[in-house]
Amino acid sequence: MRLSRYFLPTLKETPSEAQIASHRLMLRAGMVRQGAAGIYSWLPLGLKVLKNIESIVREEQDRAGAIELLMPTIQSADLWIESGRYDDYGKEMLRIEDRHDRKMLFGPTNEELVTDIFRREIKSYKDLPKNLYHIQWKFRDEIRPRFGVMRGREFLMKDAYSFDLDAENAVKSYNAMFVAYLRTFARLGVKAIPMRADTGPIGGDLSHEFIVVADTGESEVFFDKGFEDFDPLSVDSGLGDDLQPVVDQWTSLYAATEEMHDPDAPEAGGADIVKGRGIEVGHIFFFGEKYSKPMKAEVQGPDGKPVPVQMGSYGIGVSRLVGAIIEASHDEHGIIWPEAIAPYKVGLMNLATKDADCTAACDKIYADLRSQGVEVLYDDRNTGAGAKFSDMDLIGLPWQVALGNRGFKNGVVELKNRATGDREEVAIADIAARFAG
């Protein structure tokens, strides 16, 4: 993409309403713009990152055996009344009425709706287990929306729902999602630590939050240094697999929020306890019959008798992850994107746009990189070199390639790694091959 034709409204100054790093940088980098309190439009650069995260989340859900569908944003209140949650959920739920005075709501979550889908279509234990998921916009009417996409009212979420015949198999489904989450966050370029958690309005008695450690995190956390030794990508996952040993290995290490911290835990953990700050990016629950029993989501068991299914739900804040990753990966100059989710892999800068030969060389580099499938943002604007370097640091692309008059005369470009700051000179003829494969 040529930057001269792109829509990238960057800002030099930090907007006064932005209180945390991710909010400041997302506004300055032209990723989002606020339409109303806690509600954002995703501009092209931000949308590319959002879609890249969504793609990895989807791949790991599919790998684990979950099946994608798409449920509506607007739900009937009748289902929530049936489950008993309509009055209990609180003012965070946006309640509305249609023209026929039917009670509706903008879904904050989908347990009721997916349970209704399941009970209409699945009748036998032979069709279990099932895990249905979607990636959909949600709305929760936060009393004080703040911190940009980290605490917004409208947000993109992946939510999955498992259905099993009994508790033993339901825990296997829970464990498959536990491992899938660890793999997902590892692929996104962040270390996520699972912590036992309260179930809140979702319900149930087994739950884990997944916390990304960041200096600017919203809550204080304590965790065992042993988490740094695990490689989640060495473990695969699937519904029905016995992943209990893997989950036990992870959960045997101490991890807690400030409210849960036990001063005696360092000895029990068997290793040094690290104190930091963290951001919740995922939450999983096993709640058994909480929804299936009142909503009569039953299957015929092996003995021919109806059995309420055992359920779990599994959420990842896809849009929240954009902010969380920035909180964990930025410096004083701007964002530092992990390569897997960067909006573009390479930022190419023509520092001598008035020189026809230099421009021709940049155009060829751009064409060569694109021909081998490398996503490139080409800064071909007639602006100064300082502005180009500043904007590239701000938007945080993993690699920067700069060519000016001096480099062209010497036959080299400057290649910079955004994460490390390391620079090297590479022959113009070799730069495209550098990113091959």
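This passage goes through the salt bridges, the internal spaces and a few single residues of the structure. The model is a predicted one.

Salt bridges are a good place to start, and the count comes to 34. Several residues join up rather than pairing off: Glu59, Glu60, Arg63, Arg183, Arg187 and Asp236 are linked in a network of salt bridges. Arg183 and Arg187 of that network fall within helix H5, which covers residues 167–187.

Other bridges can be taken pair by pair. In helix H9 (residues 356–371), aspartate 368 and lysine 364 sit four residues apart, or about one turn of the helix. Their side chains meet in a salt bridge, with 2.8 Å from N to O. Aspartate 368 is partly exposed, its relative accessibility being 26%.

Lysine 345 and glutamate 339 make up another pair, with 3.4 Å between the closest N and O atoms. Both ends have some access to the outside: lysine 345 is partly exposed at a relative accessible area of 27%, and glutamate 339 is partly exposed too, at 42%.

The bridge between arginine 418 and aspartate 393 has its closest N and O atoms 3.7 Å apart. Arginine 418 comes from the loop between strand S22 (412–417) and strand S23 (423–427), while aspartate 393 belongs to helix H10 (residues 385–395), so this bridge ties together parts that are 25 residues apart in sequence. Here the partners are out of reach by the accessibility cut-off: arginine 418 counts as buried because its 3% is under 20%, and aspartate 393, at 12% relative accessibility, is buried as well.

Turning to empty space, the structure holds one cavity of 30 Å³ or more. Its volume is about 60 Å³. The lining is made up of Gly38, Tyr40, Trp42, Trp137, Gly148, Val149, Gly152, Glu154, Phe155 and Ser319. Two elements, strand S2 (39–42) and strand S8 (154–164), each give two or more residues to this lining. By class, the lining has five nonpolar residues, four polar ones and one charged; the charged one is Glu154.

There is also open space to look at. The second largest pocket takes in about 160 Å³. Around it are Gly189, Val190, Lys191, Val212, Val213, Ala214, Asp215, Glu327, Ala328, Ser329, His330 and Pro338. Strand S10 (206–213) and helix H8 (318–328) are the elements that give two or more residues to the pocket lining. Six of the lining residues are nonpolar, three are polar and three are charged. Lys191, Asp215 and Glu327 are the charged ones.

On the surface, Ile74, Leu94 and Ile96 form a nonpolar patch, and together they have about 190 Å² of accessible area. Isoleucine 96 is part of strand S5 (residues 94–97), and Leu94, also in the patch, falls within that strand. With a relative accessibility of 33%, isoleucine 96 counts as partly exposed.

Alanine 170 gives a contrasting case. This residue is in helix H5 (residues 167–187) and is buried, with a relative accessible area of 1%. Its C-alpha atom is separated by 36 Å from that of isoleucine 39, and the two residues are 131 residues apart along the chain. Isoleucine 39 falls within strand S2 (39–42), one of the elements that line the cavity.

Note on methods:
Residues numbered from 1 in each chain as written. Predicted model: local features only at pLDDT ≥ 70, side-chain atom pairs only at ≥ 80, totals over all residues. Heavy atoms only, no water. 1 Å grid on protein atoms, 1.4 Å probe; cavity = no way out; pocket = protein on both sides within 12 Å on 5 of 7 lines; lining within 4 Å. Points joined across faces, edges and corners; volume = space filled by probe spheres on them. Patch = residues over 30% accessible without salt bridge, like charges linked within 9 Å, V, L, I, M, F, W, Y side chains within 5 Å. Areas by Shrake-Rupley, 256 points an atom, 1.4 Å probe, with all protein chains shown as cover. Salt bridge = Lys/Arg side-chain N within 4 Å of Asp/Glu carboxyl O. Buried < 20%, exposed > 50% of the residue type's maximum accessible area, 1.4 Å probe, protein only.
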